[in-house]
Every structure is written in C-alpha cells, then in structure tokens.
Amino acid sequence: MSLASKYDSKTTEEKWYNYWMEHDFFTSVPDERESYTIVIPPPNVTGVLHMGHMLNNTIQDVLIRRARLKGYNACWVPGTDHASIATEAKVVKKLKEHGIDKNDLSREEFLKHAWDWTDEYGGIILEQLKKLGASCDWSRTKFTLDDDMSASVIKVFIDLYNKGRIYRGYRMVNWDPEAKTTLSDEEVIYEERNGHLYHLRYQIKGTEEFISIATTRPETILGDTAICVHPEDKRYTNLVGKTVIVPIVNREIPVIADEYVDMEFGTGALKITPAHDENDKKIGETHHLEVIDIFNADATLNSFGLHYEGKDRFVVRKEISNELEEKGFLIKKEDHVHKVGTSERTKAVIEPRLSDQWFLKMEDLAKPAIDAVRNDIVELLPPKFKSTYFHWMENVRDWNISRQLMWGQRIPAYYFGDGKDDFVVANSLEEAVTLSRKRTNNPNLNPEDLRQENDVLDTWFSSWLWPISVFNGVLDPENEEINYYYPTRDLVTGPDILFFWVARMIVAGYELRDEKPFDKVYLTGLVRDKQRRKMSKSLGNSPDALGLIDKYGADGVRVGLLLSAAAGNDIMFDEDLCQQGKGFVKKMHSAYFGLIDAWNVDKSLPQPQHSAQGIAWYRSRFNETLATIEDHYSKYRISDVLMTSYKLIYDDFCGWLLEIIKPEYQKPIDAQTLAQVIELFEDNLRLMHPFTPFITEEIWQSISDRKVKEALCVNTWPEGGAVDQDLLSDFELVQDVISGIRTVRKEKQISFKNEIELKSINNENLSENYNPLIQKMGNVSSVEVIDEQLSGAASYRVKSNEYFIPLEGNIDVAAELEKLATELKRAKGFLTGVQKKLGNERFVSSAPEAVVAIEKKKEADALAKIETIEASMKALN
C-alpha cells in the first residue's frame, strides 16, 4: 500500500483498529506460550473517558503491546464495575425527571430501570477506550453484575460466613444521608471546613449553677444522655454523680467521669450523644447510657427532635442556635475550622449512625497480604507507597460490606424470625428453607415464611475478586484459564484505590487461592493542570479526552501523556505536550514518505563510504539504546522508555542518519543503503509501536506488502546486538566537528551551497576514514591535517582537536573585523561597568550574597567573550 502524503490520524486510526479487530489480534486463548496478563481496573459503568483513564489505559496498552511483540500470550481483560452508589444515584435522578419516586417502586421494578439505564449507557467508556487504541481482548469483557460474576460474589460471601469471617453486628457506621446507605471508612473523605464552636450551658439540677460545654453540633443536644468530665479535673469533682438539665429538651442526664476527656480542650466537659459519635458510643457503653437516635435516614430530625421534627440537620443547627441564644443557654459562638467527613461518591456530609450491618473480619486476612508486599512478592512501584500500604493494613478495621441499596449483589441471608440471630445464609431460597427448618426444628416452615436481606454488598466486595472471577476461578477453581492466566503480571492503577481495591485483591488472592493476584502494581500519579490543580469537571480544567484525540490523534495524545508520566508522580498536563506528540508522529510519517519512500534507487551504484559509516553507527547506537530501554522497562520507567526512544528516532535517526545517507538533489540512492535503512526503520517502528500503534502500523504496512500474520501489531520485538563503543565514541566527535562547521557557517553567514575547506590539528587521532562523512555533511571540499594554527580562519575546538575554516573568499574580512571590533568595544564597556560595581566595597559588603555572585558571573562571562572575540580577530589578521 502507498502512504498518503499528508497524515490523516482519524482515518488511519479507524482503519487499523478495525483491521486488528477483524483479525483477532487482541484475542487470547491458552496455548504453549508464557502468558502475560493484565486485568483492567474496571471503570464505573456510569463513567466516560477522562484524563486519568487516558493515562492509566495508555500505560496498560504500552505494556500489553510490548508483551505481544516479545512473544508472550498477551491477555488484557476489559470490563466495567456496577458502582452501586454512583449508578443507583444516576437511576434515581433519571426516575425523578420522569416524576417517579424510587420508594414507590418494588425492588424488581427498580432493578428493571437500572438495567435499562446500564444497557443504554454502560458501554460508553469501553467504546471510547478503543479510540485511544486500547488492545483489550474485547471478547472477554466482563461486568461485575454478570451472572457468573455475581454467583462468584455470593459463593465467596457464603464461604467466608461459614468460616466465621463474616458476621452481622450493631455498630456505629458512616451513613451517607443522600444515598441512604452506609459507607466503609475508606469511602469517607475528610475535608477542612469553616464552622462554629458553640459554648452552651447546662443547669445543674436543684441549683442556680451551670456547667458549660463546647460543641460544633448544637442540634445533637436533643440526643444527649450525659455530661462527661475527667476524674482528676478539680473544677468538676464535686459535680460527678449529680444531674444536669439538657436545654430545650429539659431531660435530666448524669454527670459522669471518664479518662477519655481532654481537660485542656474547650471547657474540659463533654456532652455525650452515644447515637451520633463513635467515641461517645464507647463512653456510653462503659457507663450504660441510654442511646437516643434523633435522625431519620435522610438526616432530617425524627420525633426525638421535638418541634424540629422533619427539618434538615443543617437547618436545625441554625435554628436551634438561635433558640439557645434567646433562652440564655448560648454563652458564645466562635469561628472554628474542623475536619468534616464527606461521602466520596455523593459529597454529602457523613452522619455517624448506629445500625445493624454486615462485616468481614480483616485482621487475620490482612496478614498474608502484608507479608507479600513486605517481601516484594507483590511489588509496589514506586516503593514509596509501601509505607501507606502498611499503615492501612496494619491498622485495618473490620470491613463494613453491606449497603442499603438495590443495585448490587443482594446479601444471601434469609430471616425466619425477628430475633437478632434468626437468619441463615444460603445460596437459594430452597436451601434457606432447608437450613431454617433445621435451625428451628420446624419441618412446616415454608418459603413464604422467610424474607431475604434487603441490603446489597459493597461494590468493592465484587471487584476485590476481579483477577480471579474474570477467569471463573471462584466457581471453577481448577479450570484451564485460571491456571494459565493467574497470577496476572502487572496491575496499573492510581494510588487513591491502593486500599479500596489493590490491598483487598491481594487479600482475596491469598484467601481464595493461597497465591498473589499479580506480580507488580504500577501506581500512576494524578493528572493535574499547569497550576497543579487536580483536574475536575467542577473546576472546568479537564480537557475533553475525545476532543484531544480528534485534535492531535490518538498517537499524539498517548505520547503527550507519557512524556512526563513517571510512576507515582503527578502529571502537570499541558496540551502542548500533545502537540509535541503530534509533531513526533508527523516526523515519523515524513521520515518515510518525505524521504525514504521518495528516493529513486540505482542498483548499479556502490554504497558510499559515508553511508556505510552512518548505517554502522546507527546500528550500534540502536543496540546501545535498546539495552537502556530494556533496563527502563524492567524498572517500569515508562516515561524514560518513551523519552529514550523519542530521542533515538527524532535526533539520531531523522536528524543524523537520514541526512548522512540522503542522496544529492534529484540523484538516486544505492540499493544497499536503502535496504539497510529500511531494516533499521522497521526496528524503530517495532520500538515505538507500544506508544504510537497507529502511525507505526501505517508505515509498516506501507514499506512492503505484508501478510496478515506479518502485521506489526503481532510482529516481534527488535533484537539487540553488538555495540561498537569505539565507533560510537568516534562518531560523537565527528558529530561535534560537523556541528562546529554548521555553527561557523551560521555565524559567518556562509551559504551551505558554498564549498569550504577544513583544516585540523588532529590531537585526538581521528581516523581520516571519517573525512568523506564530514565532507558530505558539511559541504567541505577537503579535510587537511595541519601542525600549527591557521591565521585568517574561523576556528573552534572539539575535545583537544582544533579546526580551522579559511575565510578568504568566503566572507568580507574587513567587514568581519569591523563587526568584531564593535562587539569587542561593547563587551569591554559592559565589563567596565560590572567591575566598577564589584570594586564598590559598600555594594559588595551590603548586597545579598546571591546578587554579588550574579555580578561575578557577569564579569567572568564578559572576560570569556572578550577573549573569544580577540582570538577571532587575531585569526583574521
């Protein structure tokens, strides 16, 4: 096929992606090869492609495409997560738009709406990933609510329950009043917010005296059941055992003593509300206090809220503070900054709430996962995240795995009575009936006598099984695929879900298969804007991902994203990087179409010496660079791989080799050189394919007619070879010589069309075999070795060698001397001014050290410039 003169990224990308898909290049089945497996961090089914997805999936695609070229059986499993809270919120919003209240629907009716929504919107992000070039095995696409995936989740729940690891308990939980569900500790984001500290006074019963407390939540006084002081606080020793009257409520509560109280904080006295604070709950249990829950599920006040019943907590906070002030109970109100827990998903302020929930005991489960990371059985990259991982895992709390939602895997618990323990856990209603009859010793118990738990499981309870369940390793633990693909090779994800997902997958791997789920975890940074702000829709600083692809091409965006994407480091995204990526793609296109493909071949021509030298040099340079690239890959320095490859192709191949071998204008090239440079270019394409799959496949297919199995996508990784260090060292010197010629031509305005002579004092003993190369690249008529410096010439140094370009006939010597004299005068005048300042003792002693250092640097630069000018003038005389 012929290559278009102007690169059309959109047409090219669509053409080759369809070609790869048509020929099943991404499809993997177990065979005799070694597997290389990546499971995608399943994006939320509600999601659309954003910059974080672009970065994460580009890195995965680089790794999987390289593995494919390296001869591995590369398998990249895609899929989406059902995202309980986020998806249910989307469905509820859509229902509201149609005048439907979720609470008016049965579970079956709501789930039908949820599936309709998922069917309509759920696959958007996966289709968008194809635009990026993601080479996933799309035939393996999984959804965490697929029948087999849900069956896996239920089986694991039942097995863990039967092992005694899952229990139902009445605990203080994080309650999201917007989603009306509990959250795990890890799903709570703490933010500093401006609020107030309210100082209130409670009357001591039977006296005219008061005790004062400070609180950020005056509305919760309606649930107070004690005032607590430190037992050694002499201010309150006489009050312990007495009762006080709660303002507005007029309820009598005791004054108790507990060492938990910080005597230095606030007034040293705390109001205790066991239903709405974890620490208050613990104190309440110790002192057998009454528990009064004042909130409904949506954080409005219930009947214990008295005349505030039905009002939102924040409305009540304002109104009750006014009432307390009017009645003389508010002493003062101070501005106060404190941390507030918010829901990661809905952003609602979390409400501590006592509730019956399901929990997974984590302490014992965490131990093998801790050891795996500590011993680098599972390697975190970069290692700096180990400390965060250990902090979480060594202080792990039981995992609250139940959610008060409809969208998700329904907990397989069936209640046969009203007692706390009147339930069985079973895989089906029929099994539950059998178990319940045994538990109750009631053979007449029927299915209609049972009711299933309404709660569903936390979304993470399905995704923690992901590397196992995508290969059906839960339901069929010894099937061919799980034994072939597991453990997977690399996991690429963000550090924000290191505990949510990564740690829990490691836990699941050891609990279910006694084996790690993956070898390495590559933790990407966050994509930020140039002002270091996290990209978000609300800030309006996140570019449209698909818009970038349309503008710069998928290859350009991939290069732009990875130019500065060091593992674990945040990326300051700049759209100019995508422009740079697009420019690189254009450079590769032009290298082939504008030069190589446009050259006419004369098979009778012998290979010029300079071309043979250039080819030999680049082959050594390529092999040397390939070794560096392999080292970078082994250390997962993906950005370094790209930069090294970029410079090799842009600078060494395009900037030097193609210029070395390029035939004179309208003259042919010899066949040997053309064949060799195409062979080298093909290795370049192999090297760059993981980063720029579309342009490399386009050029590859243009070089010659390829059979399907010869497509670059499924070709081979370049093989390394010998590195001639002497040649590389010589060539570095030759490049500097040629660069020096070009600099003189530019400075002296000598046209490149005009041949010049080059004289050298060859202290480095550079072989004269390189003279033809220097002559070709510098348009030099002859290269002559001399013993002494040459007058009337421009000169420059390369290492210990001196080079001279006679100027007679090339420039107007008199005009050049006049120009140099003017420059010399200006430089001396500047030097005089600087030295005058430095000779001022007052300036030197009083000016900051850095300022004086700058002036000294100016002096040194001026002296060096004067020396150079004078040497040039001497050479011209």
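Show the surface of the whole chain first: the accessible area comes to about 40,600 Å², and 47% of that belongs to carbon and sulfur atoms. Keep in mind that you are looking at a predicted model.

Stay zoomed out for a moment and switch to cartoon. You should be able to pick out 26 helices and 31 strands. The radius of gyration is 37 Å, while the globule rule gives 29 Å for 877 residues, so the chain is more spread out than a compact globule. Along the principal axes, the C-alpha atoms fill a box of roughly 115 × 80 × 50 Å.

Now colour by burial. Of the 877 residues, 53% count as buried. If you draw contacts between residues at least 6 apart in sequence, 77% of them join residues at least 24 apart. Try colouring by charge as well: there are 109 positive and 141 negative charges, and their mean positions are 3 Å apart.

**Stop one: a four-stranded sheet**

Select E6, E5, E14 and E16. In that order they make up an open sheet, and the pairing is antiparallel. Which strands stand at the edges? They are E6 (181-183) and E16 (399-400); each has a single partner strand, so one side of each is left without a neighbour in the sheet.

Zoom in on the E6 end. Its partner there is E5, residues 166-176, and the two pair in the antiparallel sense over three bridges. To get your bearings, label Asp176 and Thr181: Asp176 stands opposite Thr181, which is in E6.

**Stop two: two cis peptide bonds**

Most peptide bonds are trans. For an exception, select Leu381 and Pro382, which are joined by a cis peptide bond with omega of about 0°. Pro382 sits in the loop between strand E15 (379-381) and helix H10 (386-394).

Where is the other one to look at? Jump to Tyr486 and Pro487, where the peptide bond is cis too, again with omega of about 0°. Here Pro487 lies in the loop that runs between helix H14 (480-485) and strand E22 (488-493).

**Stop three: two positive phi angles**

Most residues other than glycine have a negative phi. Select Asn250, which is not a glycine but has a positive phi of about 65°. You'll find Asn250 in the loop between strands E10 (243-245) and E11 (252-257). Is Asn250 buried or exposed? Its relative accessibility is 57%, so Asn250 counts as exposed.

Next, go to Asp376, in the loop between helix H9 (363-374) and E15. Asp376 is not a glycine either, yet its phi is positive, at about 60°. With a relative accessible area of 39%, Asp376 is partly exposed.

**Last stop: Asp652**

Finish in helix H19, residues 638-661, and pick out Asp652. Is this aspartate, Asp652, buried or exposed? Asp652 counts as buried because its relative accessibility is 10%, and the cut-off for buried is under 20%.

What does Asp652 touch, leaving aside residues up to four places away in sequence? Show the side chains of Trp617, Tyr618, Arg621, Lys647 and Leu657, and you have the set of residues it contacts.

Note on methods: Residues numbered from 1 in each chain as written. Predicted model: local features only at pLDDT ≥ 70, side-chain atom pairs only at ≥ 80, totals over all residues. Heavy atoms only, no water. Buried < 20%, exposed > 50% of the residue type's maximum accessible area, 1.4 Å probe, protein only. Contact = heavy atoms within 4.5 Å. Pairing = 2+ DSSP bridges. Rg over C-alpha atoms; globule rule 2.2 N^0.38 Å. Areas by Shrake-Rupley, 256 points an atom, 1.4 Å probe, with all protein chains shown as cover. Lys, Arg positive; Asp, Glu negative; His and termini not counted. Charge placed at Lys NZ, Arg CZ, Asp CG, Glu CD.
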